[in-house]
Amino acid sequence: MTAPTTGSDTALLARYANALTGLAAGDAWGYQVEFTSYAQMPAYPVAPPADQWWTISDDTQMTLALHWALTEVTDFGDIETVTDAITRQFLRWQVDPDNTRAPGRTCMTSLHNLRAAARWYDTDGAVESAGCGAVMRLVPTAFAPDPYWLGLTALQAVITHKHPRAVVPALLLADATRHAPERGGRFLEHALTVAAQIYHGTSTWTANPYLRDVLAPIAGDVSSYLVDGLDDGTADILAAAAARLEQLRHMPPAEFGDPCAGIGEGWESASAVALALLVADLATTTSDDDAAALTGPQALAWAATSNGDSDSIACIAGGLIGSAHPENDYWAAAGMTPEFEPRYAEELATAARRAPGR
């Protein structure tokens with residue numbers, strides 16, 4: 001099995017740990033103001049949590065549920081077994097006493113249907129929604145081995161969100177996360193390149209047998225399904241984010257304003273991913289000549305100071321930024337040492353020691 005780039009198992013685990021810390025920190029940072037309009041923000045940018053514990057939301061909870069599901073499976077090639085494992089962990093989360101932190105309606109409805117014995121692809125199974133629940137939790141699948149990571153990303157999405165506009169952004173985000181060290185500062189550029197390849201029929205994704213088998217219950221033709229996901233606003237939103245990036249590169253961060261402006265509010269998958277790629281592009285760089293506009297913690301602060309789904313935007317951006325760094329304890333070196341609630345601090349630390357499929 002081939003590991004995600006870059007480098008050794010040690011670097012991979014460091015990236016995974018940095019991704020988990022970043023997504024949980026971004027989640028907690030944005031959760032403070034999740035339903036606060038940009039005009040009513042307490043500060044610009046929003047300060048990190050000041051309480052003893054950084055309180056995470058359903059975004060981190062579902063990421064951990066997905067992690068546990070993937071680490072209990074010994075053969076990713078058995079799609080039915082993987083589906084059952086993910087569904088079982090999601091259903092455990094559904095009834096967890098801590099599941100009181102504004103869980104998504106689509107996730108809860110879909111899981112209610114699955115608990116009643118529907119399969120995700122049934123008419124009364126997963127909701128055909130493009131909500132951001134399909135993308136905020138996917139870091140574990142991005143780190144899964146070849147040839148499974150792409151199909152696993154789609155699978156975790158369709159179990160609760162079986163809309164092409166949920167699945168395609170999930171695939172784009174997983175691709176960015178998996179290859180983050182070499183794509184820093186150019187995440188949006190690469191996403192648009194992949195989109196063009198899908199449109200032109202040159203994408204290897206359309207011939208991926210595992211992805212094809214995952215989507216077979218709802219998509220006879222993977223190529224058409226992916227094009228449908230791009231045509232349903234995803235490509236336009238990515239282009240808008242790329243245009244905004246070029247504007248912001250020439251501005252001081254103090255003048256950035258609402259990250260959502262001109263892109264979307266992140267409540268659904270396409271704008272949530274586009275916003276996260278935008279934030280991550282401004283916090284990473286592959287050039288020795290140019291410094292990143294934002295540090296990692298500054299990026300989480302800006303992502304949280306939004307008119308949209310602040311915790312999900314910052315969560316996704318934090319996971320992506322963390323995955324770009326193969327050095328140990330990136331976030332601490334960047335000046336951020338969040339103290340999570342004891343339960344989740346322990347779960348995150350345990351999860352960080354074993355990437356899926358390793």
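Start with the whole chain in surface view: the accessible surface of the protein chain comes to about 13,400 Å², and 50% of that belongs to carbon and sulfur atoms. Accessible areas here come from the Shrake-Rupley method with a 1.4 Å probe, and for residues only the protein chains shown count as cover.

Two notes before you click on. This is a predicted model, where local features need pLDDT of at least 70 and side-chain atom pairs count only at pLDDT 80 or more, while totals for chains, interfaces and linings use all residues. Residues are numbered from 1 along each chain as its sequence is written, and side-chain values use heavy atoms, with hydrogens and water left out.

**The whole chain**

Switch to cartoon. You'll find 16 helices and zero strands; both are DSSP runs, with helices being H or I of at least four residues and strands E of at least two, numbered from the N terminus. The radius of gyration is 18 Å, close to the 21 Å from the globule rule for 358 residues, so the chain is as compact as a globular protein of that length. That radius is taken over C-alpha atoms, and the rule is 2.2 Å times the number of residues to the power 0.38. Draw a box along the principal axes and the C-alpha atoms fill roughly 50 × 45 × 40 Å.

Now colour by accessibility: 60% of the 358 residues are buried. Buried means under 20% relative accessible area, exposed over 50%, and partly exposed in between (1.4 Å probe, protein chains only). As for contacts (heavy atoms within 4.5 Å), 77% of those with a separation of 6 or more involve residues 24 or more positions apart.

**The core**

Select Phe76, Val82, Ile86, Val135, Trp205 and Leu277. These have the most contacts inside the largest nonpolar core, which has 124 residues. Such a core is a set of buried Ala, Val, Leu, Ile, Met, Phe, Trp, Tyr and Cys residues joined through side-chain atoms within 4.5 Å. Which helix gives the most to this core? Helix H12 (residues 269-283) does, with twelve residues.

Zoom in on Trp205. Leaving aside neighbours within four places in sequence, Trp205 is in contact with Leu150, Leu171, Leu172, Asp175, Val194, Ile198, Leu211, Val222 and Leu226.

**An aromatic stop**

Next, show the rings. Those of Phe, Tyr and Trp (its six-membered ring) pair if their centres lie within 6.5 Å; planes under 30 degrees apart count as stacked, over 60 as edge-to-face and the rest as tilted. The count comes to ten aromatic pairs. Pick Trp29 and Trp54: this pair is edge-to-face, at 5.9 Å centre to centre with 85° between the planes. Trp29 sits in helix H1 (residues 9-31) and Trp54 in the loop between H1 and helix H2 (58-72), 25 residues apart. Trp29 is buried at 5% relative accessible area, and Trp54 is buried at 9%. Add Phe340 to the selection and you have one aromatic cluster with Trp29 and Trp54.

**Two helices with a buried side**

Look down the axis of H16 (residues 342-352). Its buried residues are Tyr344, Glu347, Leu348, Ala351 and Ala352. They fall within an arc of 130°, so they line one face of the helix; the arc is that of the directions from the helix axis to the C-beta atoms. The buried residues of H16 pack against H1 and H2.

Then do it for H4 (residues 105-115), where Thr106, Cys107, Ser110, Leu111, Asn113 and Leu114 are buried. They cover an arc of only 155°, which puts them on the same side of H4. Their packing partners are H2 and helix H3 (79-94). The face turned away from that side carries the exposed residues Arg105 and His112.

**Backbone oddities**

Most residues other than glycine have a negative phi, and most peptide bonds are trans. Where to look for exceptions? Ala117 follows H4 and has a positive phi, near 85°; it is exposed at 65% relative accessibility. Asp329 has a positive phi near 55°. Asp329 lies in the loop between helix H14 (310-323) and helix H15 (330-333), exposed at 55%.

For cis peptide bonds, go to Tyr44 to Pro45, with omega near -10°; Pro45 is in the loop between H1 and H2. The bond from Asp146 to Pro147 is cis too, with omega near 0°, and Pro147 is found in the loop between helix H5 (139-142) and helix H6 (149-158).
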